[in-house]
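Here's a quick walk through a fold, starting with how helices and strands sit together and ending with how far to trust the picture. Have a look at the structure first.

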Amino acid sequence: LLQILQNDEETNYIPFIFLTGNSDTSQMRRGMELGADDYLFKPFTIDYLLNAINTRLEKSAKLKKQSAEKLRELRDNISFALPHEINTPLNGIGTSAQLLKDFHDNLTKEELGEIADIILQSTKRLTHLVQNFLLYAQLELISTDPQKITEIRSSDTARCNFKNSVNVVAQNVSNQYGRESDLLIDVQEEVVKISESNFENICRELIDNAFKYSKPKDFVRIVSTKENGFMKLSIINAGKGMTKEEIENVGAYMQFERKKYEQQGSGLGFAISQKMTEIYGGYLNIYSVYNEKTQVDVVLPVCDD
């Protein structure tokens, strides 16, 4: 009965309580594994039954409220972050194009170069947003297809030189921020089970966040450890950090205190890194102390040969 109800979309959300005279613990465990919310053993009183029902209904109401709050926060983030992320580069391109149209005869080479830089950077930012949006949608589809995941993990391209990829990406990102002296790297030689392009994408997004949310002259440390057939890449930065609630709610389009800190980004970078890591059989963790530091660990399986 429980299985039938849970397979029906119209009833699978309803709390389920077993009323039974069978005290067999193995049967109880099986029921809980199938998704039962509680067990009541006969004989029981009406008050005991009503208390159990009220407890489960209150829990369901609380979960619904939390889901509604998360949905509202997600909606607010999308409505605030995405228009900003799209409009800012578009405004840069549009304003620059208007300047070229109105004053092209009077602009110096230096001014033309500055306008060209604005157009180029705005175009790159907009292109990155679109690419991330499409990539996240693709990863969401892959994550629900076990056969596709198996094919990806067993592919000949699922091999990457760990140390070389980390070094190249980290140096490039630190150069973009003009903070080469803030970068500290200590990673090992190893081959991990992930394609080189995808691993570099993960590194780029996470290392960029480490520099974005830290100040110049604050170190960004990148270290690695190997344990039980897995390589762990730890990216550590001092900065505003995150609260426990923020860590629990990290996901696509989620940004915290954006109005206060005015940071750029759609929140897709971390979500993409997490999905991609999981598809290759790894996982991603965040450790953070608010207003002090953040550490992101990327754990990936090592190639056997």
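## A helix across the strands

In this predicted model, helix α6 (residues 162–176) lies across three strands: β4, β6 (220–227) and β7 (230–238). Against β4, the helix runs at about 180 degrees.

## The sheet underneath

Those strands belong to an open sheet of five, and if you read across it the order is β4-β6-β7-β9-β8. The pairing is mixed. At the edges you'll find β4 (183–186) and β8 (283–289), each of which pairs on one side only. Direction ignored, neighbouring strands here are turned by 15 degrees against each other on average.

## Around β8 and β9

So what holds for the β8 edge? Strand β8 runs antiparallel to β9 (residues 293–301), and seven bridges join the two. For one bridge you can look up on screen, take Tyr 283: its partner in β9 is Val 299.

Another helix turns up here: α10 (residues 268–279) packs on the sheet and touches both β8 and β9. The direction of α10 makes about 140 degrees with that of β8.

## How far to trust it

The protein averages a pLDDT of 84, with 89% of the residues scoring at least 70. Helix α6 has the highest confidence, at 95, while helix α9 (residues 258–261) has the lowest, at a mean of 45.

Over residues 256–263 the pLDDT is below 50, although this stretch has 24 contacts in the model beyond near neighbours in sequence. Where pLDDT is low, don't read the predicted coordinates in detail.

Definitions and conventions
Residues are numbered from 1 along each chain as its sequence is written. This is a predicted model: local features need pLDDT of at least 70, side-chain atom pairs count only at pLDDT 80 or more; totals for chains, interfaces and linings use all residues. Side-chain values use heavy atoms; hydrogens and water are left out. Two strands pair if DSSP finds at least two bridges between them. Helices (H or I, at least four residues) and strands (E, at least two) are DSSP runs, numbered from the N terminus. Axes are lines fitted to C-alpha atoms, for helices over the stretch in contact, and angles run from 0 to 180 degrees between N-to-C directions. Contact means heavy atoms within 4.5 Å. pLDDT is the predictor's confidence in each residue, from 0 to 100.
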